[in-house]
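Let's take a walk through a protein model together, starting with its open spaces and ending at one of its helices. Please have a look at the sequence and the structure first.

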Amino acid sequence: MAGESRKARITRMHRQYETLCEFIPTVKCQLDFHTPFELLVATILSAQTTDKRVNSITPELFDTYPTAEALADARLEDVESIIRPLGFYHVKAEHIIAVARQIVERFGGEVPQTMEELTSLPGVGRKTANVVLGNAFHVPGFPVDTHVIRVTGRLHWRDDWMKANTTPERIEQEITGCFPESEWTDLSHRLIIFGRNICTSRSPECETCPLLPTCPSAGGFLEIAAERKARATQRARRKPRSRKTPK
């Protein structure tokens, strides 16, 4: 994509997203929740673990503490015992209890519905706030996680795709500037699902990827995969065959 103009890049981005919409026709939040409060807590707990693991412990957590008021009055050790399988359980327990107390004290027990108010809560950054806004309140939001960072970089959707020190805020600003607000939440969902299942960190599935024909990074990954396959074949050929001992 050398020498690609901004206009050409945006056109390519929209065509690639159309392909992703066909490849991933239905999207929804991967965290299980029934209320904005549950989603906020689940999103905080999802840091450095999988959504599947979070979903495995939240039924007990929300049965025990169904509201902000209930969690605000919880004992730290009791919450820790429930969320222990997630890792970093002590810090996460402190965060969700502190968030619950702030919601009760400052917002009357209701999760706030603005970016400014959500990010004023302890341990809540733009990613978490965007998840809650987009999925609980249907306010346009574009959560940027490691999958979004990786995929938008490999697809050259942003100017700083070569830089290792980019920030989620810069990525959010640049990508959302290329798509209408109505698409932001689902766009993030699709990029995350695509990054989790196809454009993976270590071994992207380029050969079966629907974006293969237009991906600027596919050629390099296919070369690496071919080299690995060739080395494995050479090792297999050099491996001495075991000789059968005559009876």
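To sort residues by character, we count Ala, Val, Leu, Ile, Met, Phe, Trp, Tyr, Cys and Pro as nonpolar, Asp, Glu, Lys and Arg as charged, and the others, Gly among them, as polar. This is a predicted model, in which local features need pLDDT of at least 70 and side-chain atom pairs 80 or more, while totals for chains, interfaces and linings use all residues. Residues are numbered from 1 along each chain as its sequence is written, and side-chain values use heavy atoms, without hydrogens and water.

Now to the pockets. On a 1 Å grid over the protein atoms alone, a pocket is an open set of points where a 1.4 Å probe fits, with protein on both sides within 12 Å along at least five of seven lines; its lining residues have an atom within 4 Å of a point. The largest pocket is lined by 38 residues, and Thr43, Ser46, Ala47, Lys127 and Asp145 lie nearest its centre. That lining divides into 13 nonpolar, 17 polar and eight charged residues. Helix H8 gives the largest share, six residues; helices here are DSSP runs (H or I, at least four residues), numbered from the N terminus.

Next, find helix H5, residues 76–83, whose buried residues (under 20% relative accessible area, 1.4 Å probe, protein chains only) are Val79, Glu80, Ile82 and Ile83. They cover an arc of only 160° around the axis, going by the directions from the axis to the C-beta atoms, so they sit on the same side of H5. Among the elements covering them are helices H2, H3, H4 and H6.

Methods
Buried < 20%, exposed > 50% of the residue type's maximum accessible area, 1.4 Å probe, protein only. Helix = DSSP H or I, 4+ residues; strand = E, 2+ residues; numbered from the N terminus. Contact = heavy atoms within 4.5 Å.
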